[in-house]
Amino acid sequence: MNLRKTWLGVIGVGVALLAAACGGNSSSGNNNNPANETGTLTIWLMNGSAPQSVVDGVNADFKAKYPNVTVNVELQQWGDIGTKLDTAFAGSAPPDVVELGNTLVAKYAAAGALEDISGKKSSFDNSSTWLQSLTDSCTVNGKLYCVPYYAGSRAIIYRTDLFAAAGITAPPTSMDQLLADGQKLMTANSSDPNFSALYFPGKYWYAALPFVWDFGGDIATQSGGKWQGTLNSSSSQQGLTTLANLVSKLSRADKTGDEAKQDAAFAQGHIAMIIANGWEVGVITDPKAGNPALATKLGAFPIPSHNAGQQAPVFLGGSDLGVAAKSAHRDLANAWIQTFTDQKNMSQMATVGGVIPNTTSLLGLGQGLNAVFYNAAKNSKFVPNSENWANVENANVIPDMLVKIFTGQQAIPDATAAASTKITSILNGGG
Amino acid sequence: MATAIATPELEPAPTRIQQRSRLLPYALIAPGIAVIGGILAVPLAWLVWISFQHYGLKELINHQGEWVGLNNYRTILADPLFHQVLFRSLLFTFACVALTVALSTLIAMLLQRVRRLVRVTLMSALVFVWATPVIVSVDIWQWMFDYEFGVINYVLTQLHLGNFIHHNWFDNPLQGWSVVMVIVVWGAIPFVTITLFAGLLQVPADIVDAAHVDGAGPWQRFWHVTAPMLKPLFLIVICLSTIWDFGVFNQPYVLLNERPSADYFTIAIYSYRESFGVTQYGLGAAIAVLMVLILIVVTLFYVRETVRVAEIA
């Protein structure tokens with residue numbers, strides 16, 4: 001299997017070159033009547049980002065305006081998306097619209113894979129009230145390369161019944177209290193060898209960042225055009241020490257695992273708290289994959305700060321929608337994005353999809369548990385906005401560091417120093 | 001020397017028919033050569049070409065690399081991770097091949113001795129293992145070794161072999177690699193066993209019986225009679241297993257959720273990570289080229305022996 005992967009890549013490049021040589025072009029653009037536009041649009045959305053009913057609604061709206069354009073929405077998996085995007089953009093016929101995780105945009109924009117849509121910004125609904133950090137993720141060297149799609153921020157989902165049984169009357173409002181409440185839960189459930197008060201898989205770096213940020217640390221800082229990894233700063237280390245203590249005392253999750261299975265694990269009933277996105281409530285209570293009986297027993301609260309009464313800054317995840325620079329139907333692709341992100345469909349994304357919409361004007365739609373997650377987004381941070389950031393992610397620098405810390409393979413100063421050196425090198429263009 | 005001079009005079013001038021028949025073999029193998037050249041030689045040449053270039057995402061999209069000579073090779077050879085990964089891959093290959101061949105030989109000899117029904121059952125099981133796609137089987141193994149829901153932890157605990165509740169098999173890389181080795185060897189055994197079993201059927205029973213009559217014990221009969229007769233087969237399966245195990249990718253990659261840490265890099269994963277993970281295709285290509293070169297050196301001995309045995313035969 002060894003060389004095959006590499007060769008596949010090489011063959012892919014070869015095929016792409018051939019295709020580029022013989023590739024043709026089809027109609028779009030120079031005709032102003034939408035009813036006369038023809039062609040096929042290929043849209044790549046990530047699995048789970050939009051409910052099927054919303055996508056169907058968008059396509060119906062689009063079809064009403066462009067009856068002769070065929071739209072193919074293809075769902076992609078997060079796992080190997082970097083590889084797929086690289087090869088797709090290298091080809092002559094990449095998908096016309098791609099959903100990109102907000103941490104990936106800078107890499108593809110800087111490489112020239114995405115169309116510069118700075119001049120078209122005002123054609124999208126709510127573009128003046130787009131969420132600032134999503135707009136930032138779309139902006140590279142002052143130019144706009146994508147349209148904010150949705151955001152996600154994490155909070156703690158907890159079991160109200162388990163809290164009550166352990167004698168906890170209100171959610172914790174400081175990190176110390178989180179630990180104290182967690183220990184109460186561990187004691188109350190000591191007969192269950194699988195019980196975790198706070199389930200924290202070792203590679204869950206999105207959930208680790210709030211601890212780093214809350215103590216004033218960061219992943220990297222930029223000065224004079226050069227990046228410097230700062231996970232080894234004393235404030236970052238303080239945050240990671242607090243987290244490592246919580247994990248060792250409250251979590252029985254796999255210290256080398258990731259968060260992919262955390263909702264399924266939570267649904268099994270041996271967990272009191274997880275750090276999760278708002279939409280994960282739906283996965284936990286899903287009739288097939290989860291446990292609907294938990295629906296009335298779930299609560300949510302923001303990740304508390306070490307300063308009592310405040311909340312820790314959270315990572316603002318999310319996705320953007322970009323148009324491939326090599327697309328033969330760039331105008332149609334933009335038109336599709338306009339429909340997808342218009343007022344009506346964005347409201348659907350918020351109410352049906354349970355995600356945070358791309359505009360501050362719709363933040364009032366967060367109701368019930370969702371309000372907690374919407375609220376958490378207001379105090380959010382982002383990873384270093386560098387074209388090389390995706391390489392830091394793909395090299396697993398932070399997850400590997402966390403695993404080394406949680407399993408005790410390395411002390412926190414050593415693990416953070418090694419990770420920082422690596423991050424500095426990658427962000428500044430090294431391998 | 002005298003005959004060499006005399007020979008041309010003895011040969012009559014070739015007729016047109018003879019000339020045509022001389023070209024015929026080349027014409028017959030030409031399609032094969034073209035296909036092999038197309039699917040192996042061209043991509044390999046391209047790989048070598050890219051390994052001399054700086055080939056990042058921008059270059060990939062524009063189909064235009066930047067020539068950097070031997071820089072990629074210098075970078076890799078200076079990277080301590082490469083040395084670790086190379087050493088690990090070689091050690092892992094050696095252990096896997098030794099274990100595969102030893103176990104397969106034992107199973108092949110067992111197959112000779114058991115009743116027909118047992119043999120058919122065993123062979124079917126082996127073919128079943130062989131026929132299971134790697135990704136599917138590794139997924140099943142992953143569930144079996146799962147930290148929370150794994151049957152292996154459950155069974156080991158039930159058998160009172162220790163407390164394996166929430167035992168993490170991949171915490172400690174040595175233990176993790178043992179699991180990978182079990183899966184790789186498990187997948188490799190069917191082919192080697194069936195090949196060796198076929199070979200064992202060709203060993204004449206009367207020679208083994210004669211050795212028995214002469215007072216040779218079971219170990220001597222195997223070592224001095226059976227094994228030498230199977231030598232060509234042993235060489236081939238060792239050579240192939242070495243190539244396969246050195247390039248192992250799927251097992252550790254899938255087992256560790258497609259995000260293995262550096263402790264679980266094989267040389268193939270390292271090359272893939274450099275190419276697709278951090279979009280340094282030139283660097284990844286250079287690693288792959290080095291991998292092929294190392295493989296050639298490692299397998300040269302076996303290939304030479306195989307050719308020698310073939311010439312004697």
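At what angle do the axes of helix 7 (residues 175-188) of chain A and helix 9 (residues 234-250) of chain A cross? In this predicted model, local features need pLDDT of at least 70 and side-chain atom pairs count only at pLDDT 80 or more, whereas totals for chains, interfaces and linings use all residues. Residues are numbered from 1 along each chain as its sequence is written, and chains are lettered from A and ligands numbered from 1 in the order in which they are written.

The two axes, which are lines fitted to C-alpha atoms over the stretch in contact, with angles running from 0 to 180 degrees between N-to-C directions, come within 10 Å and cross at roughly 10°. Helix 7 of chain A and helix 9 of chain A are therefore roughly parallel to each other, a label given to angles under 35 degrees, while those over 145 count as roughly antiparallel, 65 to 115 as roughly perpendicular and the rest as oblique. Helices (H or I, at least four residues) and strands (E, at least two) are DSSP runs numbered from the N terminus. On the side of helix 7 of chain A, the contact is made by A:Met175, A:Leu178, A:Leu179, A:Gly182, A:Gln183 and A:Met186, and on the side of helix 9 of chain A by A:Thr242, A:Leu246, A:Lys249 and A:Leu250, where two residues are in contact if their C-beta atoms, placed from the backbone, lie within 7 Å. By class, this helix pair brings together six nonpolar, three polar and one charged residues, with Ala, Val, Leu, Ile, Met, Phe, Trp, Tyr, Cys and Pro taken as nonpolar, Asp, Glu, Lys and Arg as charged, and the others, Gly among them, as polar.

The contact between the chains takes 41 residues from chain A and 39 residues from chain B. Helix 1 (2-22), helix 3 (81-90), helix 15 (389-394) and helix 16 (397-406) of chain A each supply at least two residues of the side of chain A that touches chain B, and the largest share of that side, 12 residues, comes from helix 1 of chain A. Its composition by class is 17 nonpolar, 15 polar and nine charged residues.

Strand 14 (residues 317-323) of chain A is mostly covered, as seven of its seven residues are buried, that is, have 20 or more other C-beta atoms within 10 Å of their own C-beta atom (exposed residues have 12 or fewer, partly exposed ones lie in between, and C-beta atoms are placed from the backbone). A:Gly317, A:Ser319, A:Leu321 and A:Val323 point one way from strand 14 of chain A, and A:Gly318, A:Asp320 and A:Gly322 point the other way. Strand 14 of chain A is joined by five bridges to strand 3 (residues 97-101) of chain A, the two running antiparallel, and A:Gly101 has A:Ser319 as its bridge partner; strands are taken to pair if DSSP finds at least two bridges between them. Five bridges also join strand 14 of chain A to strand 6 of chain A, again in the antiparallel sense, with A:Pro148 opposite A:Asp320 and A:Tyr150 opposite A:Ser319. Six of the six residues of strand 6 (residues 147-152) of chain A are buried, so this strand is largely enclosed by the rest of the structure. Strand 6 of chain A pairs in addition with strand 15 (residues 356-357) of chain A, antiparallel and over two bridges, and there the bridge partner of A:Tyr150 is A:Pro357.

An open sheet of four strands in chain A has the order 8-11-7-12, with mixed pairing. Strand 8 (196-199) and strand 12 (298-301) of chain A stand at its edges, each with a single partner strand, so one side of each is left without a neighbour in the sheet. The twist averages 25° from one strand to the next. Strand 7 (residues 154-159) of chain A is joined to strand 12 of chain A by four bridges in an antiparallel arrangement, in which A:Ile157 has A:Ala300 as its bridge partner.

Of the 180 residues in the largest nonpolar core (a set of buried Ala, Val, Leu, Ile, Met, Phe, Trp, Tyr and Cys residues joined through C-beta atoms within 7 Å), A:Val97, A:Tyr108, A:Met273 and A:Trp336 touch the most other members. Helix 9 (residues 173-202) of chain B provides the largest share of this core, 10 residues.
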